[in-house]
Amino acid sequence: MHSRYKPAILGAIAIHVLCTGPVAAQEPRQAPVPKDTIDGWMIELSNWGRWGADDQLGTLNLITPEKRAAAARLVETGNVISLARPLPGDTAGPDNDVIGYQLRKGAGGAVDSYAIDYHGYAFTHIDALAHMFVDGKLYNGAAADDFTSTGAGSMGIDAMAQGIVTRAVLVDVPRLEGLPYLEPGAVITVADLEEWETQTGIRIGSGDALLLSTGRWRRVAEVGPWQAGSGLAGLPPSAAHWLRERDVAVLGCDCVSDRLPSTVEGMGFPLHKLALIALGMPILDNLDLTAAAAEAAMLQRWEFLLVVAPLSVVGGTGSPVTPLAVF
């Protein structure tokens with residue numbers, strides 16, 4: 001990526017022509033990273049203690065009341081767009097096979113219940129800081145030993161009960177590249193993020209939610225589903241330095257943010273681990289950014305108010321969510 005595909009991002013006609021042509025091959029460009037390098041980055045990029053020894057919010061501390069108020073002032077049209085995939089959705093897909101639904105109908109009404117293993121590649125969800133640990137430690141040094149059958153002793157999704165209200169910046173990488181979608185395994189580089197900033201005039205900064213569109217669901221519609229774990233477009237683990245430098249508060253993607261497969265031997269989801277454990281940064285996985293990207297392109301405005309309200313499950317490692325983009 002980030003090479004010969006440089007149409008003017010505001011030139012809708014040129015982009016349409018490029019997107020209706022053949023999809024260019026996108027070879028993975030991610031060099032292997034030794035695990036001990038990741039271990040070093042865990043220390044180098046650490047936010048542990050930055051907001052106090054007992055902090056459980058991590059980078060959500062960067063979303064100040066002033067940041068929320070400024071994000072609210074971005075609303076112009078009042079149009080609200082869901083960034084979530086339907087639930088239960090298509091249970092026939094290769095990544096959608098863990099869900100249970102039961103409806104009970106009585107004489108005067110009906111009730112239902114459902115069970116869902118929402119972590120993975122199918123359902124839109126947020127990862128709490130309790131979701132991953134390394135060497136027995138969560139963010140801020142909390143002990144993974146505090147987990148019980150009823151949940152995490154700290155860093156659970158209930159710590160985010162106030163929800164997330166902030167400015168989101170949508171980076172539409174296929175649009176940047178003049179492609180309808182990225183291929184599985186494509187690498188999104190920091191240079192791509194900064195080129196997007198240059199072309200849109202928006203700088204990603206402190207307290208922002210960075211939302212990455214890879215065109216995943218358009219590819220599913222046009223090409224068909226695939227085993228997501230075998231390959232997804234995303235960021236390399238080295239991007240954690242840029243996220244720390246910019247003080248991004250929330251990371252989200254229509255894939256899982258990590259480029260898959262991992263090139264760190266013996267470690268899956270290295271960017272997840274750096275974000276959740278070292279930075280204390282919650283992650284939104286499996287967003288559907290299709291409609292929001294179309295709205296942003298129509299308005300030529302790539303920033304908007306983002307509202308996310310997780311279920312406040314005590315000790316939960318995350319939650320299914322329906323993030324809302326308010327233009």
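**Figure 1. Overview of the predicted chain.** Buried residues, meaning those under 20% relative accessible area (exposed being over 50% and partly exposed in between, with a 1.4 Å probe and protein chains only), make up 53% of the 327 residues in the chain. This is a predicted model, in which local features need pLDDT of at least 70 and side-chain atom pairs count only at pLDDT 80 or more, whereas totals for chains, interfaces and linings use all residues. Residues are numbered from 1 along each chain as its sequence is written, and side-chain values use heavy atoms, with hydrogens and water left out. The chain holds nine helices and eleven strands, taken as DSSP runs numbered from the N terminus (helices H or I, at least four residues; strands E, at least two). Of the contacts (heavy atoms within 4.5 Å) between residues at least 6 apart in sequence, 80% join residues at least 24 apart.

**Figure 2. The open sheet of nine strands and its edges.** The strand order is 1-11-9-5-6-7-8-4-10, with mixed pairing, where two strands pair if DSSP finds at least two bridges between them. Strand 1 and strand 10 (318–320) are the edge strands, each pairing on one side only, and the twist averages 25° from one strand to the next. Strand 4 (residues 125–127) and strand 10 run antiparallel and are joined by three bridges; aspartate 127 has glycine 318 of strand 10 as its bridge partner.

**Figure 3. Helices 3 and 9 against the sheet.** Helix 3 (residues 65–72) packs on the sheet, touching strand 5 and strand 9 (303–308), and its direction makes about 55° with that of strand 5; such angles run from 0 to 180 degrees between N-to-C directions, with axes fitted to C-alpha atoms, for helices over the stretch in contact. Helix 9 lies across strand 1 and strand 5, running at about 75° to strand 5. In helix 9 (residues 290–299), Ala292, Ala293, Glu295, Ala296 and Ala297 are buried, and what covers the buried residues of this helix includes strand 1 (80–82), strand 5 (164–172) and helix 4 (173–177). Glutamine 300, whose phi is positive, near 55°, follows helix 9.

**Figure 4. Packing of helix 5 with helix 7.** Helix 5 (residues 190–200) and helix 7 (residues 239–246) pack at an angle of about 40°, their axes being 10 Å apart. Helix 5 is therefore oblique to helix 7, since angles under 35 degrees count as roughly parallel, over 145 as roughly antiparallel, 65 to 115 as roughly perpendicular and the rest as oblique. Val190, Leu193, Glu194 and Glu197 of helix 5 make the contact with Ala239, Trp242 and Arg246 of helix 7.

**Figure 5. The hairpin of strands 2 and 3.** Strand 2 (residues 99–105) and strand 3 (residues 110–116) pair in the antiparallel sense over seven bridges, and a hairpin of four residues joins strand 2 to strand 3. Isoleucine 99 stands opposite isoleucine 116 in strand 3.

**Figure 6. Surroundings of cysteine 253.** Cysteine 253 lies in strand 7 (residues 250–253) and is buried, with a relative accessible area of 0%. The sulfur of cysteine 253 is 4.7 Å from the closest cysteine sulfur, in cysteine 255, which is too far for a bond; a disulfide is a pair of cysteine sulfur atoms within 2.5 Å, and a search of the whole structure finds zero disulfides. Cysteine 255 also counts as buried, at 2% relative accessibility. Leaving aside neighbours within four places in sequence, cysteine 253 is in contact with Leu212, Thr214, Leu284, Asp285, Asn286 and Leu287.
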